[in-house]
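Here is a briefing on one protein chain. Take a look at the sequence and the structure before reading on.

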Amino acid sequence: MLIDTPIDYDSLVARGSMMGSGGAIVMDEDNCAVDVAHFYMEFICDESCGKCTPCRIGTKRLFEMLTAVTEGRGTKDTLTQMKELATVIKNGSLCALGQTAANPILSTMNNFPEEYEAHVVDKACPAHVCKKLMKYVIVADKCKKCSLCSRNCPVSCISGVPGKEPFVIDQTKCIKCGSCMSSCRFGAVIKE
């Protein structure tokens with residue numbers, strides 16, 4: 001069990017991690033491992049000095065691939081290419097930044113493969129974090145037909161007749177801002 005892993009240099013390296021700045025990242029089911037890897041890869045791209053090609057170009061390509069996965073444009077081939085490129089970056093970079101740049105991807109792909117699969121096969125984010133893969137839905141049985149969600153929608157994509165019929169979100173117009181969910185007092189708006 002990974003929770004019993006000692007926090008020392010050799011134990012963490014054996015698990016594909018490393019000792020860093022003395023911090024630890026704690027995640028739960030409300031976090032998306034793919035999104036977390038995407039966040040760190042963006043940071044790593046910005047931090048690269050640009051001296052060696054694997055780090056300078058490879059991290060940007062990994063970031064692009066991760067972006068495609070978080071937006072539902074990734075495929076199983078994308079995942080295979082990501083693992084291959086991550087290994088090239090790890091083995092071909094000159095400094096510690098480049099040599100560890102692929103760790104967020106390799107670690108999350110190895111420990112949370114089902115999340116990557118959901119993103120590329122089901123085109124869904126199990127944690128409902130990746131904006132392009134989620135949607136807000138109004139549960140008809142819970143809708144009180146008050147129109148509060150509709151009145152707070154900045155793009156007017158929610159329709160219904162106040163007091164007569166449940167409201168519905170037009171997914172083609174929804175910008176996924178969440179104002180409908182935050183304004184509903186009855187828990188009728190959910191993320192899928």
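The points below go from the overall fold to the cores, the helices and single residues.

This is a predicted model. The protein has ten helices and four strands. Its radius of gyration is 21 Å, well over the 16 Å that the globule rule gives for 192 residues, so the protein is more spread out than a compact globule.

**Overall fold**

- From the N terminus on, the elements run α-α-α-α-α-α-α-α-β-α-β-β-α-β.
- Along the principal axes, the C-alpha atoms fill a box of roughly 65 × 35 × 25 Å.
- Of the 192 residues, 38% are buried.
- Take the contacts between residues at least 6 apart in sequence: 59% of them join residues at least 24 apart.

**Surface and charge**

- The accessible surface comes to about 11,400 Å². Carbon and sulfur atoms account for 54% of that surface.
- The protein has 22 positive and 22 negative charges. The mean positions of these two sets are 9 Å apart.

**Nonpolar cores**

- In soluble globular proteins, nonpolar side chains tend to be buried together.
- The largest nonpolar core here has 25 residues. The members that touch the most other members are L62, L66, V69, L79, M82, I105 and Y116.
- Five elements are named as giving two or more residues to this core: helix 2 (33-47), helix 4, helix 5 (76-92), helix 7 (103-111) and helix 8.
- Helix 5 gives the most to this core, with five residues.
- Leaving aside neighbours within four places in sequence, L62 is in contact with M41, M82, L85, A86, I89 and I105.
- A second core is separate and has 15 residues. Among them are M134, I138, C174 and C180.

**Helix 4 at M65**

- M65 sits in helix 4, which spans residues 58-70.
- M65 has a relative accessible area of 16%, so it counts as buried.
- Beyond its neighbours within four places in sequence, M65 is in contact with T78, Q81, M82 and L85.
- M82 and L85 are also among the contacts of L62.
- M65 and L79 are 14 residues apart in sequence. In space they are 8.3 Å apart, C-alpha to C-alpha.

**Helices 7 and 8**

- The buried residues of helix 7 are N103, P104, I105, L106, T108 and M109.
- Their cover includes helix 2, helix 4, helix 5, helix 6 (96-101) and helix 8.
- The buried residues of helix 8 are E115, Y116, A118, H119 and V120.
- Their cover includes helix 2, helix 4, helix 5 and helix 7.
- Helix 7 is thus listed in the cover of helix 8, and helix 8 in the cover of helix 7.

**Positive phi after helix 8**

- K123 follows helix 8. K123 lies in the loop between helix 8 (113-122) and strand 1 (136-138).
- Phi of K123 is near 55 degrees, a positive value in a residue other than glycine.
- K123 has a relative accessible area of 35%, so it is partly exposed.
- H128 is found in the loop between helix 8 and strand 1.
- H128 is not a glycine, yet its phi is positive, about 60 degrees.
- H128 has a relative accessible area of 27%, so it is partly exposed.

**The N-terminal helix at S11**

- S11 is found in helix 1, residues 9-14.
- Is S11 buried or exposed? S11 is buried, because its relative accessible area of 18% falls under the 20% cut-off.
- Leaving aside neighbours within four places in sequence, S11 is in contact with T5 and P6.

**The loop at G50**

- G50 lies in the loop between helix 2 and helix 3 (53-56).
- G50 counts as partly exposed, because its relative accessibility is 23% and buried means under 20%.
- G50 and F39 are eleven residues apart in sequence. In space they are 19 Å apart, C-alpha to C-alpha.

How values were computed: Residues numbered from 1 in each chain as written. Predicted model: local features only at pLDDT ≥ 70, side-chain atom pairs only at ≥ 80, totals over all residues. Heavy atoms only, no water. Buried < 20%, exposed > 50% of the residue type's maximum accessible area, 1.4 Å probe, protein only. Contact = heavy atoms within 4.5 Å. Core = buried A, V, L, I, M, F, W, Y, C linked by side-chain atoms within 4.5 Å. Rg over C-alpha atoms; globule rule 2.2 N^0.38 Å. Areas by Shrake-Rupley, 256 points an atom, 1.4 Å probe, with all protein chains shown as cover. Lys, Arg positive; Asp, Glu negative; His and termini not counted. Charge placed at Lys NZ, Arg CZ, Asp CG, Glu CD.
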